Amino acid sequence: MKYLKFLLIVLIFFKISLNSVSAESKDLSYKITKNLRCLICQGQSVHDSDSEFAISLKLVVNEKLNEGLSETEIYDFLKDKYGQWILYDPELNKSTYLLWLLPLLLFLIGGAIIFKKFIIKKN
Amino acid sequence: MKNKFSILLVIFFIFVFIVFYKGLNNSNIYVPSTQVEKDLPDLKVKLFNSEEEIEFKSLFEDSEFYLLNIWSSWCAPCREEHPLLMNLKNQKNIKIIGINYKDKKENAEFFLSELGNPYHEILEDGNGSKSIELGAYGVPESFLVYQNKIIQKYVGPLNQNLLTEIINLIK
């Protein structure tokens with residue numbers, strides 16, 4: 001029984017590490033295409049879509065990766081061609097600062113309220 | 001204190017409501033900007049007729065207008081816009097360059113023999129990667145090029161109005 005348990009643990013561990021290895025090797029192209037919005041089938045990422053546009057875009061991303069471009073360089077390249085909209089993960093700029101800062105602001109305000117209500121009152 | 005807080009909360013919710021209500025009327029379908037000024041990309045392209053590999057930019061001369069037209073024999077809207085391209089071919093100061101998108105060569109040749117060939121030169125784009133490099137969405141799509149710059153984008157088939165617009169632009 002003890003051996004069985006041990007074997008099971010080893011197996012599980014082995015499986016997990018195996019998974020992460022294979023994930024790492026096809027990873028970057030996956031990560032990039034998941035973050036790209038398919039522009040003619042909106043609501044889907046390029047990775048999930050089988051439209052002609054998405055198929056070609058996946059090819060181009062792989063091509064660029066083979067050429068040695070980094071993730072950000074590929075994003076910059078596509079942003080230049082298709083605009084900011086193609087990225088799912090919006091960057092911080094003039095039109096998105098509210099999106100990024102509002103949750104932080106609300107968090108701080110909430111924290112301040114809690115602090116005022118409970119901690120100061122207790123003292 | 002409590003009163004003040006609830007008033008603030010109500011104001012906040014009204015504000016959020018107005019923002020979302022206004023947002024309802026906005027279209028969330030992305031329309032690409034058509035007014036562009038982009039340099040042509042550095043690319044190697046294959047000619048449709050001779051299968052020769054050339055530098056993409058070498059096709060363009062500074063003094064002339066070019067209409068880059070992405071087309072395919074399997075695309076129905078391309079068939080629709082084709083007569084317009086045949087029309088545009090007769091204009092003096094513009095050359096039409098076709099990009100044959102994900103097509104079979106014999107189908108493309110049949111398409112041209114049936115409807116006429118408006119293209120000054122045709123390039124192959126078997127896997128669609130050249131079109132991506134140009135910033136295209138699909139077929140049909142056209143770019144007006146002048147002095148090595150894309151000056152106007154036409155996503156989707158051309159129509160009579162757009163054709164007049166192009167003719168006015170190149171005058």
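## A two-chain model at a glance

Chain A is built from 4 helices and 0 strands, which follow one another along the sequence in the pattern α-α-α-α. Do keep in mind that this is a predicted model; the predictor gives the complex an ipTM of 0.77 and a pTM of 0.74. Chains A and B touch each other through 15 residues of chain A and 13 of chain B, and the largest nonpolar core draws on elements of both chains.

**How confident is the predictor?**

- For chain A the mean pLDDT is 83, with 89% of the residues scoring at least 70.
- Within chain A, helix α1 (residues 2-34) has the lowest confidence, at a mean of 72, while helix α2 (residues 52-66) has the highest, at 91.
- Chain B averages a pLDDT of 89, and 95% of its residues reach 70 or more.

**Chain A and its last helix**

- Of the 123 residues in chain A, 14% are buried.
- Among the contacts in chain A with a separation of 6 or more, 38% are between residues 24 or more positions apart.
- Helix α4 of chain A covers residues 97-122, which is 26 residues. At 1.5 Å a residue this helix should span 38 Å, and its end C-alpha atoms are 37 Å apart, so the two values agree.
- That agreement in length goes along with a bend: α4(A) has a kink of about 30° centred on Phe115(A).
- How many of the residues of α4(A) are buried? The number is 0 of 26, so α4(A) lies largely in the open.

**Where the chains meet**

- On the chain B side, 13 residues are in contact with 15 residues of chain A. Sorted by class, this side of chain B has 5 nonpolar, 7 polar and 1 charged residues.
- The largest nonpolar core has 41 residues. The members that touch the most others are Leu57(A), Tyr66(B), Leu67(B), Leu68(B) and Ile96(B).
- Chain A supplies two or more residues to this core from each of α2 and α3 (71-82). On the chain B side, the elements that do so are β4 (65-71), α2 (76-89), β5 (94-101), β6 (121-125), α4 (129-134) and β7 (141-146).
- Which element gives the most to this core? That is β4(B), with 6 residues.
- Tyr66(B) is worth a look in the viewer. Setting aside neighbours within four places in sequence, Tyr66(B) is in contact with Phe60(B), Ile94(B), Lys95(B), Ile97(B) and Val145(B).

**Helix α2 of chain B**

- α2(B) has 14 residues and reaches 20 Å from its first C-alpha to its last, close to the 20 Å expected at 1.5 Å a residue.
- This helix also has a kink, of about 35°, at His82(B). The bend lies shortly before the proline Pro83(B).
- Which residues of α2(B) are buried? They are Cys78(B), Glu81(B), His82(B), Leu85(B) and Leu88(B), so His82(B) is both the site of the kink and a buried residue.
- The cover over the buried residues of α2(B) includes β4, β5, α3 and α5 (160-169) of chain B.

**Backbone details in the loops of chain B**

- Val139(B) and Pro140(B) are joined by a cis peptide bond, with omega at about -15°. Pro140(B) sits in the loop between α4 and β7 of chain B.
- Lys102(B) is not a glycine, yet its phi is positive, at about 45°. This lysine lies in the loop between β5 and α3 (105-115) of chain B. With 19 C-beta neighbours inside 10 Å, Lys102(B) counts as partly exposed, because a buried residue needs 20 or more.
- Gln147(B) is another residue other than glycine with a positive phi, near 50°. You will find Gln147(B) in the loop between β7 and β8 (149-155) of chain B. Gln147(B) has 13 C-beta neighbours inside 10 Å, so it counts as partly exposed.

**A lysine in α3 of chain B**

- Lys105(B) is found in helix α3 of chain B. With 14 other C-beta atoms within 10 Å, Lys105(B) is partly exposed.
- From Lys105(B) to Ser63(B) there are 42 residues in sequence and 32 Å in space, C-alpha to C-alpha.

Methods. Residues are numbered from 1 along each chain as its sequence is written. Chains are lettered from A and ligands numbered from 1 in the order in which they are written. This is a predicted model: local features need pLDDT of at least 70, side-chain atom pairs count only at pLDDT 80 or more; totals for chains, interfaces and linings use all residues. Two residues are in contact if their C-beta atoms, placed from the backbone, lie within 7 Å. Ala, Val, Leu, Ile, Met, Phe, Trp, Tyr, Cys and Pro count as nonpolar, Asp, Glu, Lys and Arg as charged, and the others, Gly among them, as polar. The expected span of a helix is 1.5 Å times one less than its number of residues. The bend at a residue is the angle between axes fitted to the seven residues ending there and the seven starting there. A residue is buried if 20 or more other C-beta atoms lie within 10 Å of its own, exposed if 12 or fewer, and partly exposed in between; C-beta atoms are placed from the backbone. pLDDT is the predictor's confidence in each residue, from 0 to 100. A nonpolar core is a set of buried Ala, Val, Leu, Ile, Met, Phe, Trp, Tyr and Cys residues joined through C-beta atoms within 7 Å.
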